[in-house]
Amino acid sequence: MGYLKIHPNYQSIINEVHAIQNTLYKQGYIENDLKYIEKDNDSFFTAKIQINQKFNTIYIYYDKTVIDIDVLNSISSNVNENYFEVPFNQVENTLWIMNSKIVNKGYPFTKLKLSNISIDGKNLKASLIIEAFDQKRHIDNIVIKGYDKFPKSYLKHYLKINPKQTFDLTTIKTKTKRLNDLKFASQIKPPEVLFSKDSTTLYLYIEKTKSNNFDGFLGFGSNEDSGTIEFDGYLNLNLSNNLNYGETFRLLYKSDENDQKTFEANLSLPYLFRSPVGLDIQLYLFKRDSSFTNANQSIRLQYQINSRHKIYSGINGTKSNNLLKNSTSTITDLNANYYAFAYQYINLKPDDLLFPINSTLYIETLFGKRKTIDISESQTKYTIDALKIIGFNIRNSLYLRFNGASVNSDSYFENELLRFGGMNTIRGFEENSLYASLFGLINTEYRYKMSNSIYAHTIIDAAYFENKIIATKEKLFGFGFGFGLLTKSGLFKFVYANGKSENKKFKLSNSKIHLSLTSSF
């Protein structure tokens, strides 16, 4: 059994003997008896305990009108109509589990005990007594402290906590932890409950957090043909929950070295009319020098399964105009309409200010028709974007991201191809300088956290793409390094990357330096 043999005084010996007896009791020796404690000399004492018979099993009789049979089946492998069997050395833990399950069904003041304990041969019999089982509790009122204008639809559909719901504090605490996954709110302290004679009031302690952020970067690099330095950059503004409905608005403007301009606006309205369904609206405009313009509009319905999983369904429309005076076989006016289906998973680490996103997954499928002046063709588009941070210890981690997309069609035009390259895809190449009918890329970073506000990292990127218009298959690589610094103004990043192409005849290599700042307000 193991017990303490050296004691400072006699009272400590008495306490140790009683602890031994209690251990024997829990093992089934409920009739153990202390015969004596004798003093052998000034330093030694001897205690004699008669352990007597060991009882291995206890038969617990119950009232089937009071306790649910499913509860008993979860704790005992032998449940009969009037009693169930439990190994005696597990009886304390069994009663604790039973009580927890009853409490979770809305009876927070329930108490369990065994009564009328008697000996039946080598086993025991007892009656299960359940007290304070007469009043089932429901959530009657929900009071929010700290952030009075917290959107109530998030209580019902995001946290899934509703009035008249069966009261279960353990489940409520688990659900309210999801508040920390929200960008615009967080939990100040665990929930509390006020019980009165006829009602149960739940208090949630929430604070509104800074959820708007500004993200921008400036990139510059050398042009291998002209030897000059070219600049590019973008401005990304995200506004969240300014109207206290949980809404988000995103505005993106990007200007690239190749005289390419991008404008994007997104509006997301979750839980419309307090329903579980939300609405996403997007406008995307792209212009490449004097070659063509693209305009894309989409509207989608979203359904948030829980705090991490979301699904989308909607329609997407694209219109492209050829700006060239002379006709070309690779650029033409076209219109396309698609049905869209998407799934999103996101797992956050809100306590980590440097790396707040632990893992994400986004999968999207578009299928529909693309029309030109001459012909109408069926098309499908696929997109996948997955991210994962693998932490080795408190300082070292590995960042992995896979991003890929494809366009499947009988024919292709340059103004409908996928565009990638740059800071957010494969680093070391000009923004949106690569056109593909299919591409896949892997971003990796080995990150070393020097403190809670400074980290350095390596860059090793690889990509493969195909362009069926010019019958090209190419492998690309990006190498570099960077560091991040968290300041009061936001997260400042410096990145240097050099891009290389496998096929020497394609002049795709480039050296790039990026400076970016992400700031919340």
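## A tour of one sheet, one helix and some ring pairs

Start with the open sheet, which is built from three strands in the order 7-9-8, with mixed pairing. Select strand 7 (141–145) and strand 8: these stand at the edges, and each has a single partner strand, so one side of each has no neighbour in the sheet. From one strand to the next, the twist averages 20°. The model on screen is a predicted one.

Next, show the backbone of strand 8 and strand 9. The two run antiparallel and are joined by eight bridges. Strands of a sheet pair through backbone hydrogen bonds, either parallel or antiparallel. For a point of reference in this pairing, pick Glu192, which stands opposite Tyr203 in strand 9.

Now add helix 5, residues 169–176. Helix 5 lies across strand 8 and strand 9, and runs at about 165° to strand 8. Colour Ile172, Lys175 and Thr176, which are buried residues of this helix. Why are they on the same side of helix 5? They cover an arc of only 95° around the axis, which puts them there. An α-helix has 3.6 residues a turn, so residues three or four places apart point the same way. The partners of the buried residues of helix 5 are strand 8 (185–195) and strand 9 (200–208), against which they pack.

Stay with helix 5 and move to its N-terminal end. Which residue caps this end? Select Asp168: one of its side-chain oxygens lies 3.3 Å from the backbone nitrogen of Thr170.

The next stop is the aromatic rings. How many aromatic pairs does the structure hold? There are 23. Begin with Tyr154 and Phe184, whose ring centres are 5.3 Å apart and whose planes stand at 85°; an angle over 60 degrees counts as edge-to-face, so this pair is edge-to-face. Tyr154 belongs to helix 4 (residues 152–158) and Phe184 to the loop between helix 5 and strand 8, so the pair ties together parts that are 30 residues apart in sequence. Buried or exposed? Tyr154 and Phe184 are both buried.

Widen the selection to Tyr147, Phe150, Tyr158 and Tyr271. Together with Tyr154 and Phe184, these residues are linked by ring pairs into a cluster.

For the last stop, select Phe286 and Phe292. What kind of aromatic pair do Phe286 and Phe292 form? The pair is tilted, at 6.0 Å centre to centre with 40° between the planes. Both Phe286 and Phe292 are buried.

Definitions and conventions. Residues are numbered from 1 along each chain as its sequence is written. This is a predicted model: local features need pLDDT of at least 70, side-chain atom pairs count only at pLDDT 80 or more; totals for chains, interfaces and linings use all residues. Side-chain values use heavy atoms; hydrogens and water are left out. Buried means under 20% relative accessible area, exposed over 50%, partly exposed in between (1.4 Å probe, protein chains only). Helices (H or I, at least four residues) and strands (E, at least two) are DSSP runs, numbered from the N terminus. The arc is that of the directions from the helix axis to the C-beta atoms. Contact means heavy atoms within 4.5 Å. A polar contact is a pair of N or O atoms within 3.5 Å; within protein, one must be able to donate a hydrogen and the other to accept it, and residues adjacent in sequence count only if both atoms are side-chain atoms. Two strands pair if DSSP finds at least two bridges between them. Axes are lines fitted to C-alpha atoms, for helices over the stretch in contact, and angles run from 0 to 180 degrees between N-to-C directions. Rings of Phe, Tyr and Trp (its six-membered ring) pair if their centres lie within 6.5 Å; planes under 30 degrees apart count as stacked, over 60 as edge-to-face and the rest as tilted.
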